[in-house]
Amino acid sequence: MAMEADLPISHFTPTPSILFLLFLLSSAIATAPTAALNITNLLSSFPDFSDFASLLSSSSSSLTTDLSRRSSITLLAVPNTYLSASSDLTRRLSSSSRADVVRYHILLEYLSPSDLRRISSSGKLVTTLLQTTGRATNNFGSVNITRDPITGIVSVRSPAPYSPSNATILNPIKTLPYNVSVFAVNSLLVPYGFDLMASETRPPLGLNITKALIDGHNFNVAASMLAASGVVEEFEADEGGAGITLFVPVDTAFAQLPSNVELQSLPADKKAVVLKFHVLHSYYPLGSLESIVNPVQPTLATEDMGAGSFTLNISRVNGSVAINTGIVQVSVTQTVFDQNPVAIFGVSGVLLPKEIFGKNPITTTTPKPGTPFASGTAQPPDIAFSPEFTPGLDGPPSHLSSPPGLGQDIRSKAEAAAAINGFHFYTLILALLCIALSL
C-alpha cells in the first residue's frame, strides 16, 4: 500500500513591501557604479593638456549632455606642443563644429593599454561620439586603429578611403579600469569632410598648374611630363576641398638622376603614380610644412595604391624642409605658387618612391659646390617616436609632465576606488536581501 508523507508546502505571497524592495534591488543592479565622465577634471592634473582641456570646455554644452549618458570611453588627448599647430584653425570653427572635432576624439569603448597591444595590423574600427550625432557621412564618424607589428606604433585615422588626418598614440595618461582611459596622441584628428585648412574667405581658384610651372622658368621638364601624362587635370580638379600641395623637381634634378633610374622608360601608369607621389591632398603653406606635426604624409599615389604605401616623410633638417621617400631625400628650394587652396614648391630632386625604385640601389649624387642638398641616398630621418616604443607597455617615461609616480598612483587609486564602490554596491544588495527575507 502506497504511503504518502505529509510534506509541508509553503504558500508564499509577495507583499507590496517586498515587491518594492525587489524593484529597488533591480534598479541598483542596473545602475552599477560607473565613473563620472568629467573629462576636463580628468585632465586638470596634467598641465601639458591645458589647451586641449580648454578646447573641451569651450565646446558646445551639448557635449556634456552626450557624455553624461556614457559609462565607458577612451579619450585621445592632444598635448599642448602638438595642439599649438592647430590652434588658429580650431579658433575659426563655430562652437558646434569645435564640439564635433572634440567628439571625434572620444571613443565609445574602453581600451586599455593591453587592448592596444592586441590590435592587429588590419585594424579595429571604433565608434566615436561624433558618429552618434548623425552628422557624419556613412561610418566616417568612426576611427580605424592599427598597430604596426614590427615597431608597435599604434595609429589612428579615418576609415574614409582617403583622409589626410591621422595621429599616432604616444602613451597612456590615465586609466580608470573599465570606465575611462586617456591616451596622448601627436595630432588633432579632423573628421572626414571638415576643412580646417581652408580660409573662411578663400577665393575661388582655377589655377593652370602647367602655366604656373612654365612661368617659374625652372620647371619645364616637370611641366612637360605633367601635360603629357594627363594627371595635371586631376590635380586641378582637386583644388577644391582641402586643396593640394605639389613638390616639383627643378630641371637640373632630372639630369642628375642616376643612370639606373629610367624614369622616362616607365609604363604610363607607373609614371602617373610617380607624378602623383609628388602631391599631397591638402593645402600646406611653407610655414605649415616647417612645423608639421605628423611627419608621415600620404600622397595622391596613396589614394590610388592603398593606405600605408607611397607616403612621404616631411621634417625640418638644417633649417630647411626635407622630404624623404625612404630611398632619397630632397629639400624644398623655393615657393613657386602659394594661394589657398594650392601650394607649389620647387624641390632639389625627383621624389622616387621605394615601392617602384626600391629594388635597385640609388647611386648617391655629389652636390654642386654651394648647394646644401642634392638628390641621393638617405636614411629616413628619425621620427619623434622610438622604434622600440610599444604603446601600452611599460616603456620609457613620457616627456609629458605629470604628477610623480603617475602610473603606480593611478593604478592604486583606481583599484581602491573600484574596491570601495564595489563594497558599497554589494553591501546595499545584501541589506536589501536581508530586509526582504525578514519580512
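The legends below describe an overview and several close-up views of a predicted model.

The model is predicted, with local features requiring pLDDT of at least 70 and side-chain atom pairs counted only at pLDDT 80 or more, while totals for chains, interfaces and linings use all residues. Residues are numbered from 1 along each chain as its sequence is written, and side-chain values use heavy atoms, with hydrogens and water left out.

**Figure 1. Overview of the protein chain, with its 17 helices and 14 strands.** Helices (H or I, at least four residues) and strands (E, at least two) are DSSP runs, numbered from the N terminus. Of the 439 residues of the protein chain, 46% count as buried, where buried means under 20% relative accessible area, exposed over 50%, and partly exposed in between (1.4 Å probe, protein chains only). Among contacts in the protein chain with a separation of 6 or more, 70% come from residues 24 or more positions apart, a contact being heavy atoms within 4.5 Å.

**Figure 2. The open sheet of 7 strands, in the order β2-β1-β7-β6-β5-β4-β3.** The pairing in this sheet is mixed, and its edge strands, β2 (106-107) and β3 (124-127), each pair on one side only; two strands pair if DSSP finds at least two bridges between them. At one edge, β3 joins β4 in the antiparallel sense over 4 bridges, and Lys 124 stands opposite Ile 145 in β4. Towards the other edge, β1 and β2 run antiparallel and are joined by 2 bridges, with Ile 106 in β2 as the bridge partner of Leu 75.

**Figure 3. Strand β1 (residues 73-77) within its surroundings.** Because 5 of the 5 residues of β1 are buried, this strand is largely enclosed by the rest of the structure. Ile 73, Leu 75 and Ala 77 point one way from β1, whereas Thr 74 and Leu 76 point the other way, and all are buried. Strand β1 runs parallel to β7, to which 5 bridges join it, and the bridge partner of Ile 73 in β7 is Val 180.

**Figure 4. Strand β5 (residues 154-157) and its two antiparallel partners, β4 and β6.** In a regular strand the side chains alternate between the two faces of the sheet. Along β5, Val 154 and Val 156 point to one face and are buried, while Ser 155 and Arg 157 point to the other face and are not buried. Strand β4 (residues 142-147) is joined to β5 by 4 bridges, and Thr 146 stands opposite Ser 155. These two strands, β4 and β5, form a hairpin with 6 residues between them, and Gly 152 in the turn has a positive phi of about 80°. On its β6 side (residues 166-176), β5 is held by 3 bridges, and Ala 167 in β6 is the bridge partner of Val 156.

**Figure 5. Two of the 3 aromatic pairs found in a search of the whole structure.** Tyr 110 and Tyr 178 form a tilted pair, 6.0 Å centre to centre and with 50° between the planes; rings of Phe, Tyr and Trp (its six-membered ring) pair if their centres lie within 6.5 Å, and planes under 30 degrees apart count as stacked, over 60 as edge-to-face and the rest as tilted. Tyr 110 lies in the loop between β2 and α8 (113-117) and Tyr 178 in the loop between β6 and β7 (180-185), so this pair ties together parts that are 68 residues apart in sequence. Tyr 110 counts as buried at 15% relative accessibility, whereas Tyr 178 counts as exposed at 65%. The pair of Phe 247 and Phe 345 is stacked, because the ring centres are 6.3 Å apart and the planes are at 25°. Phe 247 lies in strand β8 and Phe 345 in strand β14 (residues 342-347), so the pair ties together parts that are 98 residues apart in sequence. Phe 247 is buried at 1% relative accessibility, and Phe 345 is buried at 0%.

**Figure 6. The largest cavity, with a volume of about 130 Å³.** On a 1 Å grid over the protein atoms alone, a cavity is a set of points where a 1.4 Å probe fits but cannot get out, and lining residues have an atom within 4 Å of a point; grid points are joined across faces, edges and corners, and a volume is the space filled by probe spheres set on the points. The structure holds 1 cavity of 30 Å³ or more. Of the 15 residues that line the largest cavity, Ala 222, Phe 247, Pro 249, Leu 275 and His 278 lie nearest its centre. At least two lining residues come from each of α10 (220-229), β8 (244-249) and α13 (268-276), and β8 provides the largest share, 4 residues. By class, the lining has 14 nonpolar, 1 polar and no charged residues, with Ala, Val, Leu, Ile, Met, Phe, Trp, Tyr, Cys and Pro counted as nonpolar, Asp, Glu, Lys and Arg as charged, and the others, Gly among them, as polar.

Notes:
1 Å grid on protein atoms, 1.4 Å probe; cavity = no way out; pocket = protein on both sides within 12 Å on 5 of 7 lines; lining within 4 Å.
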